[in-house]
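This report walks through the strand pairing, the nonpolar core and a few selected residues of one protein model. The sequence and the coordinates come first, and the discussion follows.

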Amino acid sequence: MKKVILSFAFAALFVGGAVAQEKPKATAPQEQATNGPALAFTETEHNFGEITQGDVVEHTFEFKNTGTQPLVLERVDVTCGCTTPAWTKEPVMPGKTGFVTAKYNSAGRLGQQKKAIVVHSNAADGAKYIYITANIKEKTNASAAKTSAKN
């Protein structure tokens with residue numbers, strides 16, 4: 001009796017292992033939308049390139065709701081006071097687009113900068129990170145003289 005039960009146990013393990021090795025059928029992402037809201041950015045990083053200390057620059061990141069339900073951006077967090085965010089406040093319907101704008105003030109900063117922006121929404125996969133980068137050059141006396149001459 002013990003041998004029969006033991007044989008069934010080994011057979012079940014063998015069959016279970018073989019089934020677990022089967023690969024799921026591939027489906028193209030375009031064919032099946034995510035169930036619920038889904039946030040997909042067209043780009044996740046923007047490089048302002050070389051800017052002069054004190055410059056204020058701005059970039060708008062666009063996103064699409066690739067899910068099946070309305071997407072709501074709950075809040076957008078920044079890593080320092082040098083970055084000011086703005087974003088789509090109304091629900092974004094499936095297939096529609098929205099935005100997150102980052103305004104960056106380079107005053108008091110020098111060299112390579114990379115700032116994270118955290119977008120919190122009702123999407124199932126949680127918070128998304130987008131980034132802005134810049135290389136900030138020191139303001140020279142010549143550029144300072146031009147600025148004061150304009151004023």
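Strand 7, residues 111–121, is largely enclosed by the rest of the structure, because eight of its eleven residues are buried. The model under discussion is a predicted one, and the description below starts from this strand and works outwards.

**Strand 7 and its partners**

Strand 7 pairs with strand 8 (residues 128–137) in the antiparallel sense, over nine bridges. Within that pairing, Gln112 stands opposite Asn135 of strand 8. The two strands make up a hairpin with six residues between them, and in its turn Gly126 has a positive phi of about 80°. Strand 7 also pairs with strand 4 (residues 73–78), again in the antiparallel sense, here over five bridges, and Leu73 has Ser121 of strand 7 as its bridge partner.

Asn135, which lies in strand 8, merits a separate look. Is this residue buried or exposed? Asn135 has a relative accessibility of 17% and therefore counts as buried, the cut-off being under 20%. When neighbours within four places in sequence are left aside, Asn135 is in contact with Gly49, Glu50, Ile51, Gly111 and Gln112. Asn135 and Asn47 are separated by 88 residues in sequence, while their C-alpha atoms are 8.7 Å apart in space.

**The open sheet**

Four strands form an open sheet, in the order 1-3-6-5, with antiparallel pairing. Strand 1 (39–41) and strand 5 (83–87) stand at the edges of this sheet with a single partner strand each, so one side of each is left without a neighbour there. From one strand to the next, the twist averages 25°.

The pairings within this sheet are set out below, each with one residue pair from it.

| Paired strands | Bridges | Residue pair |
|---|---|---|
| Strand 1 and strand 3 | three bridges | Ala40 opposite Lys64 |
| Strand 3 and strand 6 | nine bridges | Val57 opposite Tyr104 |
| Strand 5 and strand 6 | five bridges | Pro85 and Ala102, bridge partners |

Strand 3 shows an alternation of its side chains: Val57, His59, Phe61, Phe63 and Asn65 point to one face and are buried, whereas Val56, Glu58, Thr60, Glu62 and Lys64 point to the other face and are not buried.

His59, a residue of strand 3, belongs to the buried set of that alternation. With a relative accessibility of 14%, His59 counts as buried because the value falls under 20%. The side chain of His59 makes a polar contact, at 3.5 Å, with the side chain of His46. If neighbours within four places in sequence are set aside, the residues in contact with His59 are Glu43, His46, Phe48, Val100, Thr101 and Ala102.

**The nonpolar core**

The largest nonpolar core has 24 residues, and those that touch the most other members are Leu39, Phe41, Phe63, Val100, Tyr104 and Val119. At least two residues of this core come from each of strand 1, strand 2 (45–52), strand 3 (56–65), strand 4, strand 6, strand 7 and strand 8. Strand 8 gives the most to the core, with four residues.

Which residues does Leu39 touch, not counting those up to four places away in sequence? The contacts of Leu39 are Phe63, Lys64, Leu71, Leu73, Val119, Ser121, Ala123 and Lys128. Among them, Phe63 and Val119 are also listed with Leu39 as residues that touch the most other core members, while Leu73 and Ser121 are the bridge partners already described for strand 7.

**The disulfide**

A search of the whole structure finds one disulfide. The cysteines concerned are Cys80 and Cys82, whose sulfur atoms lie 2.0 Å apart; this pair counts as a disulfide because the cut-off is a separation within 2.5 Å. Cys80 is buried, having a relative accessible area of 18%, and Cys82, at 7% relative accessibility, likewise counts as buried.

Methods. Residues numbered from 1 in each chain as written. Predicted model: local features only at pLDDT ≥ 70, side-chain atom pairs only at ≥ 80, totals over all residues. Heavy atoms only, no water. Buried < 20%, exposed > 50% of the residue type's maximum accessible area, 1.4 Å probe, protein only. Pairing = 2+ DSSP bridges. Axes fitted to C-alpha atoms, helices over the stretch in contact; angles between N-to-C directions. Core = buried A, V, L, I, M, F, W, Y, C linked by side-chain atoms within 4.5 Å. Contact = heavy atoms within 4.5 Å. Polar contact = N/O pair within 3.5 Å; in protein donor to acceptor, adjacent residues only side chain to side chain.
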